[in-house]
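Me: Could you walk me through this protein model, one question at a time? I'd like the reasoning along with each answer.

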Amino acid sequence: MLYLWIFGNRIEDSLGPVKYLLFYLTAGIAAAFCHALTVPSSILPSIGASGAISGILGAYVLLYPRAKIHTVVIMGLLWQIVQVPAMVVIGFWAVFQVLSGIASKGILNSGGVAWFAHIGGFAAGMLTIRLWRPRKV
């Protein structure tokens, strides 16, 4: 939800509230579909907004590649607020999702997180955001 708060408002400003809601729901459906494809024998329900939020991150990468966000960096007892390129934050997040998804299919096979829903939502956001944005005249 923190990522939705950080990145979602700018995507909503870009799309408007109705298109934003439809984009969010579409990314969530794509995420659920991706999860179902990768874990077809699962009897556990997949509940959550993380796949749709991942779609927001995918859209943000394409629409605002040079944006910077304020981030708290903690080093022991010291902390500092620094500006970090959003591409770095989302890039680390994406790599973590892929590695965790791969690990969940191997030795570390465990339930609890729908990693491939995150990956599918992110991909859906990247692939469809240009269709949702208003055309510039």
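Me: Thanks! Let's begin with Y3: is Y3 buried, partly exposed or exposed?
Reply: Happy to help, and please keep in mind that this is a predicted model. The relative accessible area of Y3 is 26%. Buried would need a value under 20% and exposed one over 50%, so Y3 counts as partly exposed.

Me: And F7, is that residue buried or exposed?
Reply: The relative accessible area computed for F7 is 0%. Since the cut-off for buried is under 20%, F7 is buried.

Me: What kind of aromatic pair do Y3 and F7 form?
Reply: Y3 and F7 are four residues apart in helix α1, so about one helical turn separates them. Their rings lie 5.7 Å centre to centre, with 80° between the planes. Planes over 60 degrees apart count as edge-to-face, so the pair of Y3 and F7 is edge-to-face.

Me: F7 also pairs with Y60; how many residues apart are these two?
Reply: The rings of F7 and Y60 are 4.7 Å apart, centre to centre, in an edge-to-face pair with 70° between the planes. Both residues are buried. F7 belongs to helix α1 and Y60 to helix α3, so the pair links distant parts of the chain. In sequence, the separation is 53 residues.

Me: Which residues do ring pairs link into a cluster?
Reply: The structure holds seven aromatic pairs. One of them joins Y3 to F7, and another joins F7 to Y60. The cluster linked by ring pairs consists of Y3, F7, Y60 and Y64.

Me: Which element gives the most residues to the largest nonpolar core?
Reply: That core has 26 residues, and F7, I11 and Y60 touch the most other members. Two or more residues come from each of α1 (2-15), α2, α3 (50-63), α4 (86-105) and α5 (115-132). The top contributor, with eight residues, is α3.

Me: Which residues does F7 touch, leaving out those up to four places away in sequence?
Reply: F7 is buried, and one of its ring partners is Y60. With residues up to four places away set aside, F7 touches I56, L57, Y60, I69, A86, V89 and I90.

Me: Let's zoom out: in what order do the helices and strands run from the N terminus?
Reply: The protein has five helices and two strands. Its C-alpha atoms fill a box of roughly 50 × 45 × 20 Å along the principal axes. Starting at the N terminus, the order is α-α-α-β-β-α-α.

Me: What share of the exposed area do carbon and sulfur atoms supply?
Reply: Of the 137 residues, 35% count as buried. The protein exposes about 9,000 Å². Carbon and sulfur atoms supply 71% of that area.

Me: Which residues make the nonpolar surface patch of about 360 Å²?
Reply: L21 is one of them, and L21 is found in helix α2 (residues 17-38). With a relative accessible area of 46%, L21 is partly exposed, and patch residues need over 30%, so L21 meets that cut-off. The patch is made by V18, L21, L22 and L25.

Me: Polar residues next: which residues does Q97 contact, leaving aside neighbours within four places in sequence?
Reply: Q97 lies in helix α4. At 3% relative accessible area, Q97 is buried. Its contacts beyond four places in sequence are W115, H118 and I119.

Me: And S54, which residues are in contact with S54 beyond four places in sequence?
Reply: S54 lies in helix α3, and its relative accessibility of 1% makes it buried. Its contacts, with neighbours within four places left aside, are W93, H118, G121 and F122.

Me: Last one: how far apart in space are A114 and H35, C-alpha to C-alpha?
Reply: A114 lies in the loop between α4 and α5, and A114 is buried, with a relative accessible area of 18%. Not counting residues up to four places away in sequence, A114 touches H35 and S46. A114 and H35 are 79 residues apart in sequence, and their C-alpha separation in space is 6.4 Å.

Note on methods:
Residues numbered from 1 in each chain as written. Predicted model: local features only at pLDDT ≥ 70, side-chain atom pairs only at ≥ 80, totals over all residues. Heavy atoms only, no water. Buried < 20%, exposed > 50% of the residue type's maximum accessible area, 1.4 Å probe, protein only. Areas by Shrake-Rupley, 256 points an atom, 1.4 Å probe, with all protein chains shown as cover. Patch = residues over 30% accessible without salt bridge, like charges linked within 9 Å, V, L, I, M, F, W, Y side chains within 5 Å. Salt bridge = Lys/Arg side-chain N within 4 Å of Asp/Glu carboxyl O. Core = buried A, V, L, I, M, F, W, Y, C linked by side-chain atoms within 4.5 Å. Contact = heavy atoms within 4.5 Å. Phe/Tyr/Trp six-rings, centres within 6.5 Å; stacked < 30°, edge-to-face > 60°.
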